[in-house]
Amino acid sequence: MQDPTPVARPIIEVLTDRAALVARAQSLIMTKIAEAVGDRGSCSLALAGGSTPKPLYEALAQADLPLDKLHLFWGDERYVAADHPDSNFCMVKLAWLDPAGVPPEQVHPMATTADDPEAAALAYEAELRRVLQPAAGALPRLDIVLLGMGDDGHTASLFPHTAALQAGDRWVAVGEKSGQPRLTLTAPVINQARTVIFLVAGANKQAALAQVFADQADAQAYPSRLIRPQGQLYWLFDTDAGKNFQ
Ligand code: 6PG
């Protein structure tokens with residue numbers, strides 16, 4: 001079998017603490033936004049959920065950004081109402097969208113109103129197609145995908161040994177955590193991005209990181225191993241998470 005397309009070596013940075021991690025992530029994202037807007041007139045950014053990126057979104061809300069040229073997507077979403085405390089959209093709305101007054105036409109949340117999560121996944125594929133306008137048969141190319149990683153090695157809502165890992169030709173899949181449905185970008189769509197940035201903090205992530213970076217390990221067990229973009233891949237750690245990378 002032909003060797004897989006070569007992928008860029010990950011860029012690993014270990015920052016002194018979470019504040020430094022957020023500052024570096026903000027600086028990197030603002031640089032990448034400026035590059036995308038300069039090169040193509042707009043920037044598409046898929047956001048991570050969870051707790052780590054919240055202070056980053058709060059910082060971006062205070063930053064001078066070309067909001068009218070920025071399209072915000074989500075890498076994954078819990079299948080709850082948009083005003084539910086577990087909603088990734090709700091977290092970003094409170095941390096960034098409302099404080100910064102991001103124009104609604106620039107915001108593309110994963111809708112969770114359909115009774116059937118599969119229908120919601122297909123609807124989000126249609127939104128990606130409408131906004132990013134990939135060539136026929138091509139995957140959509142996001143400029144930036146921001147990701148977190150759980151202590152089990154999952155990313156987005158690509159959880160170990162779940163059907164969402166078998167993407168096939170899907171752009172958005174129905175993930176599952178503890179029996180609860182989630183929506184998630186699939187690994188092929190994430191890997192199509194020009195820049196992927198993992199933001200990982202906490203000593204509880206060390207064991208999973210060792211498996212993700214091991215020469216040999218099961219990607220079904222540690223799905224962050226599936227993220228091998230041809231574009232740039234950054235791993236930003238605080239010292240607790242990145243202890244073994246210094
Ligand atoms: C989610 C996220 C998820 C998250 C990791 C890390 O919806 O929860 O998309 O993939 O990034 O679980 O979460 P923390 O940043 O809270 O450790």
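Let's sort residues first: Ala, Val, Leu, Ile, Met, Phe, Trp, Tyr, Cys and Pro count as nonpolar, Asp, Glu, Lys and Arg as charged, and the others, Gly among them, as polar. With that in hand, look at the shell around the ligand, which splits into two nonpolar, nine polar and four charged residues.

A word on what you're viewing: this is a predicted model, where local features need pLDDT of at least 70, side-chain atom pairs count only at pLDDT 80 or more, and totals for chains, interfaces and linings use all residues. Numbering starts from 1 along each chain as its sequence is written, and side-chain values use heavy atoms, with hydrogens and water left out.

Back to the ligand. It's surrounded by 15 residues (each with a heavy atom within 4 Å of it), and the closest are Ser51, Thr52, Asp76, Arg78 and Ala156. Polar contacts here are pairs of N or O atoms within 3.5 Å. In one, a polar side-chain atom of Thr52 sits 2.7 Å from a ligand oxygen. Lys205 has a side-chain N or O atom 2.8 Å from an oxygen atom of the ligand. On its own, the ligand has 420 Å² of accessible area (Shrake-Rupley method, 1.4 Å probe), and the protein covers 87% of that.

Now find Cys43, which lies in strand E2 (strands are DSSP runs of E, at least two residues, numbered from the N terminus). Is Cys43 buried or exposed? Buried means under 20% relative accessible area (1.4 Å probe, protein chains only), so Cys43, at 1%, counts as buried. Leaving aside neighbours within four places in sequence, its contacts (heavy atoms within 4.5 Å) include Ile33, Leu70 and Ile144.

How values were computed
A polar contact is a pair of N or O atoms within 3.5 Å; within protein, one must be able to donate a hydrogen and the other to accept it, and residues adjacent in sequence count only if both atoms are side-chain atoms. Helices (H or I, at least four residues) and strands (E, at least two) are DSSP runs, numbered from the N terminus. Buried means under 20% relative accessible area, exposed over 50%, partly exposed in between (1.4 Å probe, protein chains only).
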